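Please work through the following exercises with the sequence and the structure at hand. Each task is followed by a solution in steps.

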Amino acid sequence: MKMKKEREDGKLLILLEGRLDTSTVPQLEAELKDSMEGITELVFDFAGLTYLSSAGLRLILLAQKTMSRQGSMVIKNVNSIVMEIFTITGFADILTIE
Amino acid sequence: MAKMRIDATVENLDRLMDFLEEQMKGTGFSEMLVSQVKTAAEEIFVNIAHYAYSPTVGAAVVCCEVGGDPLQITVAIADEGRPYDPLTREDPDITLPAGVRPIGGLGIFMTKKLMDEVWYEYKDGKNILTLRKRSVSEERRSSL
């Protein structure tokens, strides 16, 4: 998985490319741990994300819980494979997907 | 039938993914279906890696068969760890709002949702979880 981040004041944009699975989740988890302080707007760009397993969902839910307390979280450019995962797990109803 | 025996560790997940990809290459399965099978297999394999032999490491044997009309894939994942049927686990409540949703517990549920059939057997000291996915979905076939 490739990850790119852009921070501007309280806004953090994270672009993911490849697979968010059990092996790659620790990479994103460490990044979020380091960067979430002071963030009021978290944006994930999933344009390049091709695969998502429950390990990734776990982290996305953690991020959503944190951002519900300190601001907002949006996920953009979700492909049909990842969208299906969000739909069957009910995540499509609890996330803001654009 | 293709078969692979590997240590059930998270580090070996990529090998399982490559193996499954190789089995489905050029078979006419859609990108969506390939991904569904890989996701379901990951959930089962990672469960074995985390729990079956804990705190030690043991093997997982993966057997994969592709064929038939309509085309289907069957993946059986076996371990010799402690007997456990993950399908007995209660389904999570997927209607809960984010604030009260428990973290985790979705893997087996996703596997059941993504596959056409999932079954468990305990045989000769082995846990065997089998996944099956057809290239033509149930809904589509009933309308043909």
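The exercises below concern chain B, the contact between the chains, and helices of chain A.

This is a predicted model, in which local features need pLDDT of at least 70, side-chain atom pairs count only at pLDDT 80 or more, and totals for chains, interfaces and linings use all residues. Residues are numbered from 1 along each chain as its sequence is written, while chains are lettered from A and ligands numbered from 1 in the order in which they are written.

**Exercise 1.** Determine which elements chain B has and in what order they run.

*Solution.* Begin with the elements, where helices (H or I, at least four residues) and strands (E, at least two) are DSSP runs numbered from the N terminus. Chain B has four helices and five strands. Next, read them from the N terminus on: the order is β-α-α-β-β-α-β-β-α.

**Exercise 2.** Establish whether the radius of gyration of chain B agrees or disagrees with that of a compact globule.

*Solution.* The radius is taken over C-alpha atoms, and the globule rule is 2.2 Å times the number of residues to the power 0.38. For 144 residues a compact globule would have a value near 15 Å; chain B has 16 Å, which agrees. As a further step, consider the box filled by the C-alpha atoms of chain B, roughly 50 × 40 × 25 Å along the principal axes.

**Exercise 3.** Describe the side of chain B that touches chain A.

*Solution.* Residues are in contact if their C-beta atoms, placed from the backbone, lie within 7 Å. The contact takes 21 residues from chain B and 20 residues from chain A. On the chain B side, the elements that give two or more residues are helix H1 (13–24), helix H2 (31–52) and helix H3 (107–114) of chain B. H2(B) provides the largest share, six residues.

**Exercise 4.** Find how the axes of H1(A) and H2(A) are arranged.

*Solution.* Axes are lines fitted to C-alpha atoms, for helices over the stretch in contact, with angles from 0 to 180 degrees between N-to-C directions. Helix H1 (residues 25–35) and helix H2 (residues 54–70) of chain A have axes that come within 10 Å and cross at roughly 10°. H1(A) and H2(A) are therefore roughly parallel to each other, a term for angles under 35 degrees. Finally, the contact is made by Val25(A), Leu28(A), Glu29(A) and Leu32(A) of H1(A) with Ala55(A), Gly56(A), Leu59(A) and Ala63(A) of H2(A).

How values were computed
Contact = placed C-beta atoms within 7 Å. Parallel < 35°, antiparallel > 145°, perpendicular 65-115°, else oblique.
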